[in-house]
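Me: Could you take a close look at the salt bridges in this protein for me? I would like to know which side chains pair up and how well covered they are.

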Amino acid sequence: DASAPADPAADPATDLAAGIAAVSARLDELGRDDEEMSGMGTALTAMAWDGSGFDVAHVGDSRVYLLRAGELHRLTRDHTTVQALADGGKLAEAEAGRRPGGSEPVKALRSGGDAEPDFFRHEAEPGDRYLICSDGVADHVGLEDVRETLVRAASPAEAVTRLLGLAAEAGGQDDATCVVADVVAATREVPREPLMIGAAREPALFGRLAGLARRGRRTRRPR
């Protein structure tokens, strides 16, 4: 049953919201304890798999892209001044998509802030390839280069390596981070142990979000 969740007892949307609330509370705590950290924040984009699709949470200027049947689709909208201009008709959407470096975020998770992430549901199909990337990639790698890389890469790991290389070659000085995942038909049981990456290694802050991760680079959709 393609609509059955990977774990019938799990509720990815609830866990995702709870994890983000924990991140926000931790930022508030850090801001109260250290004046220099007051007002500091972060972009956050997360996807939680349930066996047939993803619950997505997004705030800030990172992005989610979907490659389906060779076509590249952006699933998130930037919370930046450039995107706000595009939404107001003062800038072409194509220009917002090519966003030059330096666009200021207008919404992010911040200590002492109350920004609410965008939450939405996305149905997946076998053969889909997903990219989550920071502005350090999106600002410096053109959309056609992103699409071509995702199309040609034989594996998610190869796509990540190539995208980070392109960002570096373009002179990117900002943090460049990306995750690539494929959706394929399930052929065996997938291990459920969490994979800890990046800042998620701090369990007190990201323990709930890390619990949503699954070992391996390929997401298997039940038949």
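Reply: Happy to help; here is a walk through the salt bridges and the residues that form them.

This is a predicted model, in which local features need pLDDT of at least 70, side-chain atom pairs count only at pLDDT 80 or more, and totals for chains, interfaces and linings use all residues. Residues are numbered from 1 along each chain as its sequence is written, and side-chain values use heavy atoms, with hydrogens and water left out.

The structure holds 13 salt bridges, each being a side-chain nitrogen of Lys or Arg within 4 Å of a carboxyl oxygen of Asp or Glu. One of them joins D128 to R68, at 2.7 Å from N to O. That pair links distant parts of the chain, 60 residues apart: D128 sits in the loop between β7 (118–123) and β8 (129–133), and R68 in strand β4 (residues 63–68). Strands here are DSSP runs (E, at least two residues), numbered from the N terminus. D128 is buried at 2% relative accessible area, while R68 is partly exposed at 23%; buried means under 20%, exposed over 50%, and partly exposed in between, with a 1.4 Å probe and protein chains only.

Next, R129 and D182 form a salt bridge whose closest N and O atoms are 2.6 Å apart. This pair also links distant parts of the chain, with R129 in strand β8 and D182 in strand β9 (residues 178–185), 53 residues apart. R129 is buried at 7%, and D182 is buried at 7%.

R74 pairs with D78 at 3.6 Å between the closest N and O atoms. Here R74 is partly exposed at 24%, whereas D78 is buried at 4%.

Finally, salt bridges link D50, D55, R121 and E123 into a network.

Note on methods. Helix = DSSP H or I, 4+ residues; strand = E, 2+ residues; numbered from the N terminus.
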